[in-house]
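Hi everyone, thanks for making the time. Let me put the structure up, and then I'll walk you through a few parts of it.

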Amino acid sequence: MDKALDRETIEDDRTGMSIPTLRRALEDNLYYLQGRFPEIANKYDFYMMLAYTVRDRLLQRWLNSQETYLKKDVRVVCYLSAEFLMGPHLANAMVNMGIDDQMRQALEESGLNMQELVEQEEEPGLGNGGLGRLAACYLDSLATLEIPAIGYGIRYEYGIFDQEIRDGWQVEITDKWLRYGNPWEIARPHSAVQVKFGGYTRGYTDSEGRYRVDWVPERTVSGVPYDTPIPGYKVNTANNLRLWKAEAPESLNLQAFNQGDYAGAVAEKIVSETISKILYPNDNSQQGKQLRLEQQYFFVSCSLQDMIRLHLRENDNLKNFHKKFAAQLNDTHPSIAVAELMRLLIDEHAMDWDAAWDVTTKTLGYTNHTLLPEALERWPVSLLSELLPRNMEIIYEINRRFLRDIAARFPGDVGLIRRVSIIDDTGEKFVRMANLASVGSHSINGVAELHTDLLQRYTLSDFYRIWPEKFNNKTNGVTPRRWIALANPKLTKLITSKIDNGWVKALDELKGLEKFIDDASFRKEWRDVKSHNKKQLADWIYKRMQLKVDPDSMFDIQVKRIHEYKRQHLSALHIVALYNALKENPNMNIQPRTFMFGGKAAPGYYMAKLIIKLINSIAEVVNNDPQVSDIIKVAFLPDFCVSLGQRVYPAADLSEQVSLAGKEASGTGNMKFALNGAVTIGTLDGANIEIRECAGAENFFLFGMDANEAAALKARGYNSYDYYQKNPQLKGVIDALSSGHFSRGDKELFKPLIDNLLHEDQFMVLADFASYVDCQMTVGTAFKDTEEWTRKSIYNVARMGKFSSDRSISEYCKDIWNVKPVNIELKEYCHLEAGLKVLKKALNVESPVL
C-alpha cells in the first residue's frame, strides 16, 4: 500500500476527526469505558461517552505540550489559587479545539442531540465567585497564548454549595459534583507528596558544621494530584490544572480495627481528608479557622514540593529554580508560600538563607484582589505556631531581617516599622499575610487602575513607599471563548459575518463593528440576537421558577456574590421606590422592567442572607400585585453559577455595577455583560472606570460618589439618618419596609438591615440613593429609544477589546513573569509507525512527571 495514501485514509480512533472515525470512537467509549450498549444507556452514559471521546483528542495536545516543555528549556508559570471556577468542561473544550461542528454531526448521525448531552455535565463548583472565575479565564488565556503553565489548587470533594431558595431564604445544599465521576481528570497517586502539620522543631548541627532545623510533625497528610488538561483556542497547546486531594498516609489502622475500635481505625483518614473536603469552611468557629489555614498551607506545600521535584528531574541546582518557574499568588490565600518555599529550600535542600531568600523573592509574585481590611487575611500567631511551628519560626526570622533593613533605611520612623511588620503585636499577636506576601514577592499588582492607585495610596501605601518599583497594575480580563463564542453563539455568528473570526483571539478587532453602527439592517439583526437570548432566559425562568417574565421588557440584571459592599440592597430600595410610585400613580409612564438578581451569600454572613430574603420578599409582593406586575417583575435566580451565567449575560439589557466607589477591586461580571451588549449603570469603582472610558461616557450610565468624595464624606462624619429624614422618597421606601408590608406583616424581619442603613450604613447606600434613582429614570427613558439603545449596545461590544484575559495575561508575561510562547506541534499519525517504544532510561523514572 502506498504510504502517502495510507496516511490520508487511516485515522487513529483516539485522535481522528472524520465523521466515521468519530462515530467509531463514540461507540468504543460507550462500550469499553462506560460498559453500556445503546439500548440500556441513559443520557449521562452518552455524556460520558462524548466526554471521553473529546478527552482523547485533548490528551493528544496535552501530552505533546508536556513533552515539549520537558525537552525545551522553558520557564513555566505556576498559578497558585485557592479557587478555580472552571465551569463545565465539555462544550468549552470542543469550542477551543475547533471540533464542535464535527462532534455535532457525528452525534446527529448517531441519533443523539449534542446540546442535551452537554447539559448533563456536573459543574465543578471549585470557587466562590470572581477570584476563581478569573483564575479559570487566565488558564484559558495562558493556553491560548501558548504559554507553558500549571494551575495549582485544591480538589474539593464538595464545592461551593448548591443554593436553593425556600420561603425567600437561601438554603445551602451539598454540591456533590463528583458523585458520578469526573471524566476530565487523571489521578496521579504515584506523584503524591507529604505535608506536615503540628509537632515541634529541634535544632542540630549537620556534618558540615551548619546549624539546621528538623521539623518533627504531629501528623502527616498525603497530597494526591489530579490533573485536568486545559486547551487553548485553536492552538495545539493544552496546559495542566493540578488539583490536590488530601489523604491519610495510612487509611486504616489495622491494629485498632482488630481490637474492635472501628471508629479509631479510620480516624486518621477522616481527619486528613477533611482538608480537601469542602470549599471554604465556615470560619466563624476556631475549628473552621484552623481548617481554612490547613487548606491554604496544604495546597501551597504540595505545589511547591511538586515544582521542586519537576525542577530537580532536569536540573540539580535549585539556585536557578526561579529561572524555571514563575509562581503567582492569586490573592492572600497562598501567601504562606513565602515561608514554605524558604522552609523547603533551607531545611529540605540545605540552601543558605540569603540564597534561599533570593530564589524565593525572584520566584513569587503577588496579586492583591481586595481593598476591604477584613479580606486581608490575618492568622493568630498562636494558631500558626501550633499548626505550622517551623513556618512560624521562619516568618519571625523574615520579619526580623526585614524590620532591621527598614530601620536602617528609615531611622526613627517607629510608626512605619509598626505598620509594615509582618507580626501585628497590638494585643493578640497576628500574622499579616498581605504583609508577608508583599515582603516576599518581587511584584505586587492590583487588578484595575483605581484599585492599584488605592493600594498605593492607602491599603499598601507603606510598602509602596519602600518599594515603588514592585507595584504595577494588571486590569482583569475575561476569556471571549467562554463568555461570547460559547455563551452567545448567535452574537458570535453575527459578529463573524461582519469582521471574520479573528476577534475571538484578538478582541481588539471588535472595533471593526463600529463601521456598521449606522446600518439599520445590522442594528435589526443585533436586536434580533438580543431578543432571542432574552426569550431563552425567560423560558428557563419559567421552567425553573414558574414565573412568567416579558422578554420585551428591559432585563435589568445584577448577578454576583451577595455582599453589603456590592449593594444589592440599593437596587432593592429602588424597586420599592418604583412600586410606591406606581401605587400612588398607576398611570405613570414607566419603562417595563424585569429586575433579576443572582448570587450566593457566605453561609455565615447573616446580613447578606437577609438581603436575599429582602429581594425575594419584594418579589413576592410585586409579582402578585396586578396593579404593578405587568410593569415591573422581580426574580431572584437560584444557584447562580458559570453555566447559568452563560444564559444570563447574553440576555441582559442593563448591567448593574453599583458597589460603593473605592470598594470593588475590579469586577469581571461588568466585563461579561458589556461584551454581550449590555449597557452599564454603575459607579466609578473598580474596572467600571475603564469600561466607561473605553465604551464612551455617553454609553454608560454613571451615578453616585467617586472614591475621593466617598472618603471625604466619611471623614466629615457621614450620618445616613440625615438622608432618610431629608429625602421623602427614601423615607417612604424605608418606612414601607419597616411597616411589614413586604414581610407579611412581620415588622421585625428586616429591622437589622434597616437599623444598619439608618445608623451605620458603612457602604453609604442612602447617600447614593437619590443619584441612583435619578440615573435609573434616565435609563428608562433611554431604553424607549430603541435605535439609540442599540447603538449603545453595539458600542459597548465594539470597544471592549481591552477586557480580554488575553491582554491581561500578555501583560503579566511581559512585565512580571518574563515568559514567552512555546509552539506545540502534533505528530502526524501513521498506523505503520504506531506502537509503544520505551527507552531504558524511562524505566528508571521513579515517579511520573505529569
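Helix 18 (residues 433-440) lies across strand 13 and strand 15, running at about 45 degrees to strand 15. By lying across I mean contact, that is, heavy atoms within 4.5 Å. The angles I quote run from 0 to 180 degrees between N-to-C directions, with axes as lines fitted to C-alpha atoms, for helices over the stretch in contact. And helices (H or I, at least four residues) and strands (E, at least two) are DSSP runs, numbered from the N terminus.

Quick note on the source: this is a predicted model, where local features need pLDDT of at least 70 and side-chain atom pairs count only at pLDDT 80 or more, while totals for chains, interfaces and linings use all residues. Residues are numbered from 1 along each chain as its sequence is written, and side-chain values use heavy atoms, with hydrogens and water left out.

Back to the strands under helix 18. They belong to an open sheet of three strands, in the order 13-15-14, with antiparallel pairing. Strand 13 (378-380) and strand 14 (423-424) are at the edges with a single partner strand each, so each has one side without a neighbour in the sheet. Pairing here means that DSSP finds at least two bridges between two strands. Between strand 13 and strand 15 (residues 430-432) there are three bridges, and Pro-380 stands opposite Phe-430 in strand 15.

Now a sheet of six strands. It's open too, with parallel pairing and the order 20-19-18-21-22-23. Its edge strands are strand 20 (632-637) and strand 23 (700-702), each pairing on one side only. From one strand to the next, the twist averages 20 degrees. Strand 18 (residues 554-559) and strand 19 (residues 593-598) run parallel, joined by six bridges, and Phe-555 stands opposite Thr-594 in strand 19.

What packs on this sheet, touching strand 18, strand 19, strand 20 and strand 21 (654-657)? That's helix 24 (residues 568-584), whose direction makes about 155 degrees with that of strand 19. There's also helix 33 (residues 765-784), which lies across strand 18, strand 19, strand 21, strand 22 (679-682) and strand 23, at about 155 degrees to strand 23.

Stay with helix 24 for a moment. Its axis and that of helix 31 (residues 728-738) come within 9 Å and cross at roughly 100 degrees. Helix 24 and helix 31 are therefore roughly perpendicular to each other; the label covers 65 to 115 degrees, with under 35 called roughly parallel, over 145 roughly antiparallel and the rest oblique. On the helix 24 side, Leu-573, Val-576, Ala-577 and Asn-580 meet residues of helix 31 including Leu-730, Val-733 and Leu-737. By class, that contact has eight nonpolar, three polar and no charged residues.

Then there's helix 32 (residues 751-759), where Leu-753, Ile-754, Asn-756, Leu-757 and Leu-758 are buried. Buried is under 20% relative accessible area, exposed is over 50%, and partly exposed is in between (1.4 Å probe, protein chains only). Among the elements covering those buried residues are helix 24, helix 30 and helix 33. Just after helix 32, Asp-761 takes a positive phi of about 50 degrees.

Is Ser-720 buried or exposed? Ser-720, in helix 30 (residues 720-726), is buried, with a relative accessible area of 2%. Leaving aside neighbours within four places in sequence, Ser-720 is in contact with Leu-757, Leu-758, His-759, Glu-760, Asp-761 and Leu-766.

Over to strand 2 (residues 149-154). Six of its six residues are buried, so strand 2 is largely enclosed by the rest of the structure. Ala-149, Gly-151 and Gly-153 point one way, and Ile-150, Tyr-152 and Ile-154 the other. Strand 2 pairs in the parallel sense with strand 1 (residues 76-80) over four bridges, and with strand 10 (residues 238-247) over five. Gly-153 stands opposite Leu-243 in strand 10.

Last, the cores. The largest nonpolar core has 119 residues, and Phe-298, Ile-395 and Trp-817 have the most contacts inside it. A core is a set of buried Ala, Val, Leu, Ile, Met, Phe, Trp, Tyr and Cys residues joined through side-chain atoms within 4.5 Å. Helix 11 (residues 286-314) gives the most to this core, with eleven residues. A second, separate core of 90 residues includes Leu-22, Ile-499, Ala-651 and Val-797.

Definitions and conventions. Nonpolar A, V, L, I, M, F, W, Y, C, P; charged D, E, K, R; others polar.
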